[in-house]
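Here is a short tour to read alongside the model. Have the viewer open and follow the stops in order.

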Amino acid sequence: MKKVLLLSAIAFVTLGIKAQDDKSKRPSPPAKVTETISNGTVITIDYSQPAVKGREIGKEIAPYGKVWRTGANEATTFEVSKDVKVEGKSLPAGKYGLFTIPNKEEWVVIFNKTPNQWGAYKYAESDDVLRVKVKPTKAPQFTERMTFNVDKSGKVSLLWGNEEVDFSVK
């Protein structure tokens, strides 16, 4: 009887660990966008999609004035295959942690040299490679799950709730 209970407990724990490995089952599922822009650079953004769920952006989620992982779970990663200019400023080819500091009138978009980290708990400003400031606009439609779009022109858009935050990559 004890062996049956022990084996049942082991099976339960193993199934629980396997379920955690399936990222698609998370409340904020994974997403990835890859686009080759007009100059031949490949941009890849790998992120998790938090839902608004009736909360207010800037207050209950993605609080204004604080560094945010720009998604959920692991930090969002931003990768470019060639050296580029983001909002006119140089960013070398590579993979970066993508963080933001949301605010009502202006968002700071941060490219950090430490791409693989959980959330923003170990974020270090000293590891920032580039920061650019952009103006948020009202999105054309409400987006429940945070979504990134990249178009061929190099316009990168973060859409979430009624927010649209764009920056250009050339």
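The model you are looking at is predicted. A good place to begin is the open sheet, which has 6 strands in the order 1-2-3-6-7-8 with antiparallel pairing. From there we move to strand 3, then to two residues around strand 2, and finally to the salt bridges.

**The sheet as a whole**

- Which strands sit at the edges of the sheet? They are strand 1 (30–36) and strand 8 (128–134), each of which pairs on one side only.
- Going from one strand to the next, the twist averages 20°.

**Strand 3 and its two neighbours**

- Strand 3 covers residues 76–80, and 4 of its 5 residues are buried, so the rest of the structure largely encloses this strand.
- On one side, strand 3 pairs with strand 2 (residues 42–48) in the antiparallel sense, over 4 bridges. To find this pairing in the viewer, look for D46, whose bridge partner in strand 3 is T77.
- Strand 3 is also joined to strand 6 (residues 94–101) by 5 bridges, and these two strands run antiparallel.
- Two residue pairs help to trace the link to strand 6: F78 has Y96 as its bridge partner there, and T77 has G97.
- T77 is therefore a handy landmark, because it is the strand 3 partner of D46 and is also bridged to G97 in strand 6, within a strand that is largely enclosed by the rest of the structure.

**Y47, a buried tyrosine in strand 2**

- Is Y47 buried or exposed? Y47, which lies in strand 2, has a relative accessibility of 5%, so this residue counts as buried, the cut-off being under 20%.
- Leaving aside residues up to four places away in sequence, Y47 touches P29, P30, A31, K32, T76, M146, T147 and F148.
- With F148 there is also a polar contact: the side chain of Y47 reaches the backbone nitrogen of F148 at 3.1 Å.
- The C-alpha atoms of Y47 and T70 are separated by 8.0 Å, with the two residues 23 apart along the chain.

**N73, in the loop that follows**

- N73 lies in the loop between strand 2 and strand 3. N73 counts as buried, with a relative accessibility of 15%.
- What does the side chain of N73 contact? It makes a polar contact with the side chain of S48, at 3.2 Å.

**Salt bridges**

- How many salt bridges does a search of the whole structure find? The search finds 8.
- Side chains of opposite charge can pair when their charged atoms come close.
- One of these pairs is E35 with K152, where the closest N and O atoms are 2.9 Å apart. The pair links distant parts of the chain, 117 residues apart: E35 is in strand 1, while K152 is in the loop between strand 9 (136–150) and strand 10 (155–168).
- E35 is buried, with a relative accessible area of 19%.
- E125, D128 and R131 are linked in a network of salt bridges. In this network, D128 pairs with R131 with the closest N and O atoms 2.8 Å apart, and the side chains of R131 and E125 meet at 3.9 Å, N to O.
- Within the network, R131 counts as partly exposed at 29% relative accessibility, whereas E125 is exposed, with a relative accessible area of 53%.

Terms used:
Residues numbered from 1 in each chain as written. Predicted model: local features only at pLDDT ≥ 70, side-chain atom pairs only at ≥ 80, totals over all residues. Heavy atoms only, no water. Buried < 20%, exposed > 50% of the residue type's maximum accessible area, 1.4 Å probe, protein only. Pairing = 2+ DSSP bridges. Axes fitted to C-alpha atoms, helices over the stretch in contact; angles between N-to-C directions. Contact = heavy atoms within 4.5 Å. Polar contact = N/O pair within 3.5 Å; in protein donor to acceptor, adjacent residues only side chain to side chain. Salt bridge = Lys/Arg side-chain N within 4 Å of Asp/Glu carboxyl O.
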